[in-house]
Amino acid sequence: MKWLVLLGLVALSQCIVILPLKKMKTLRETLREKNLLNNFLEEQAYRLSKNDSKITIHPLRNYLDTAYVGNITIGTPPQEFRVVFDTGSANLWVPCITCTSPACYTHKTFNPQNSSSFREVGSPITIFYGSGIIQGFLGSDTVRIGNLVSPEQSFGLSLEEYGFDSLPFDGILGLAFPAMGIEDTIPIFDNLWSHGAFSEPVFAFYLNTNKPEGSVVMFGGVDHRYYKGELNWIPVSQTSHWQISMNNISMNGTVTACSCGCEALLDTGTSMIYGPTKLVTNIHKLMNARLENSEYVVSCDAVKTLPPVIFNINGIDYPLRPQAYIIKIQNSCRSVFQGGTENSSLNTWILGDIFLRQYFSVFDRKNRRIGLAPAV
């Protein structure tokens, strides 16, 4: 499931705030043939990180390693909301004050009558998530993310919510490509970009573990203090999700899943790691995990001896240590690997916060690529 508990602009255009005819070869193909591709990408990454302009860094709060939530405001005067900055969706929405669902009674709601800048667009909307659904209508108002200001930003107002009870956020701010968004609306990141908010159309995440404070999302550039070594750049293979191609998944030198290559979504709105059930079961067998109440558990002592699970992406290994893929809840140690993606795709994995806590991630809209490096 998706949730496990699953922006005209007021800014300086030069500031960075922390996406007969003859067929020609692409630049990537030409560089690869001349063995220059890695050097080219490293130089591009260096330029991206070396910008001396100001990066806007927005704090996120870690709720028990299950969700990373940041504050935004909507309206005039501003009304504050806690939202998930979600790379797995493209829409912004918050509950409306007239919402009748139980989830809305435990979250902050937006009151259109209290905002002088609100405009009702009126179109009804329905948005589906992995474990929930919202129904409501479209509105438009001023939205603020820190010092970023997006007037006349379209957003959803929920009138009914299912699957969002007791979650530590009021709404969702989507950062996927526009193709994932509601028709005839501009996602907030694209709205900010089109008004010159960013010198570089990128955003990045640093997600820590076991600490409420310290996690951040940054806009317009990257801060090298949050990662070690160099960023490794991976082309986006499908431009609606932040989707990449993965070579294989292995343990102890043996390929256990994705043996012929597969696809993976990098999703900050999902806390666990999801894959096809049969392949996830193979991984659990190598862990000697047993099924208890629909979850796979291992002896807590096994964390000391289990091997890392290694994701090979674009020829580079990204190991996940057992201390990361086994989580202790009370006196039980459980695997973070979950099945079920075969319901929507036979060959797709979802790498959620468990993976992204280990690797600082940069989402480059202009060049359609994702950068990964070990997080500090």
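Trainee: How many disulfides does the count come to?

Mentor: A disulfide is a covalent bond between the sulfur atoms of two cysteines. The model here is predicted, and the count comes to 3 disulfides. With the bonded cysteines counted along the chain, they follow the pattern 1-2, 3-4, 5-6.

Trainee: Which cysteine forms a disulfide with C99?

Mentor: C99 is bonded to C104, and their sulfur atoms are 2.0 Å apart. The angle about the S-S bond is 65°, and the link of C99 and C104 is right-handed. Both C99 and C104 are buried.

Trainee: Is the disulfide of C258 and C262 left-handed or right-handed?

Mentor: Look at the sign of the torsion about the S-S bond. For C258 and C262 the torsion is about -100°, so this disulfide is left-handed. The S to S distance is 2.0 Å. C258 counts as buried at 3% relative accessibility, and C262 is buried with a relative accessible area of 4%.

Trainee: Where in the chain are C300 and C333?

Mentor: C300 is in the loop between β19 (295-298) and β20, while C333 is in strand β23 (residues 332-335). The two are 33 residues apart, and the pair links distant parts of the chain. Their sulfur atoms are 2.1 Å apart. The torsion about the S-S bond of C300 and C333 is about 110°, so the disulfide is right-handed.

Trainee: Are C300 and C333 buried or exposed?

Mentor: Take each residue by its relative accessible area; under 20% is buried and over 50% is exposed. C300 has 28% and is partly exposed. C333 has 5% and is buried.

Trainee: Why is there no bond between the sulfur of C96 and the closest cysteine sulfur?

Mentor: The test is distance: the two sulfur atoms must lie within 2.5 Å. The closest cysteine sulfur to that of C96 is in C99, 7.8 Å away, which is too far for a bond. C96 counts as buried, at 2% relative accessibility. C260 is in no disulfide either; the nearest cysteine sulfur, that of C258, is 8.6 Å away. C260 is exposed, with a relative accessible area of 79%.

Trainee: Let us turn to strands. What is the order of the open sheet of 4 strands?

Mentor: In a regular strand the side chains alternate between the two faces of the sheet. The order of this open sheet is β15-β14-β20-β21, and the pairing is antiparallel. At the edges stand β15 (254-257) and β21 (316-320); each has a single partner strand, so one side of each is left without a neighbour in the sheet. From one strand to the next the twist averages 35°.

Trainee: How many bridges are there between β14 and β20?

Mentor: Strand β14 (residues 248-251) pairs with strand β20 (residues 309-313) over 4 bridges, in the antiparallel sense. To find the pairing in the structure, start from N248, which stands opposite N312 in β20. Helix α5 (residues 277-286) packs on the sheet and touches β14 and β15. The direction of α5 makes about 135° with that of β15.

Trainee: Which strands pair with β16?

Mentor: Strand β13 (residues 242-246) is joined to β16 by 4 bridges, and these two run antiparallel. One place to check is S245, whose bridge partner in β16 is E263. β16 also pairs with strand β25 (residues 348-351) over 4 bridges, in the parallel sense. Here A264 stands opposite W349 in β25.

Trainee: Why is β16 largely enclosed by the rest of the structure?

Mentor: Strand β16 (residues 262-266) has 5 residues, and 4 of them are buried, so the strand is largely enclosed.

Trainee: What do the planes tell us about the aromatic pair of F203 and F205?

Mentor: The angle between the planes sets the class, and over 60 degrees counts as edge-to-face. The count of aromatic pairs comes to 27. In the pair of F203 and F205, the angle is 90° and the centres are 6.1 Å apart, which is edge-to-face. F203 is buried, and F205 is buried too. Ring pairs link a cluster that includes F203, F205, F219 and W242.

Trainee: Where does the charged end of R369 sit?

Mentor: The charged end of R369 sits over the ring of W233, 3.8 Å from the ring centre. The charged end of R61 sits over the ring of Y63, at 5.6 Å from its centre.

Notes. Residues are numbered from 1 along each chain as its sequence is written. This is a predicted model: local features need pLDDT of at least 70, side-chain atom pairs count only at pLDDT 80 or more; totals for chains, interfaces and linings use all residues. Side-chain values use heavy atoms; hydrogens and water are left out. Two strands pair if DSSP finds at least two bridges between them. Axes are lines fitted to C-alpha atoms, for helices over the stretch in contact, and angles run from 0 to 180 degrees between N-to-C directions. Contact means heavy atoms within 4.5 Å. Buried means under 20% relative accessible area, exposed over 50%, partly exposed in between (1.4 Å probe, protein chains only). Rings of Phe, Tyr and Trp (its six-membered ring) pair if their centres lie within 6.5 Å; planes under 30 degrees apart count as stacked, over 60 as edge-to-face and the rest as tilted. A charge sits over a ring if NZ of Lys or CZ of Arg is within 6 Å of the ring centre and within 35 degrees of the ring normal.
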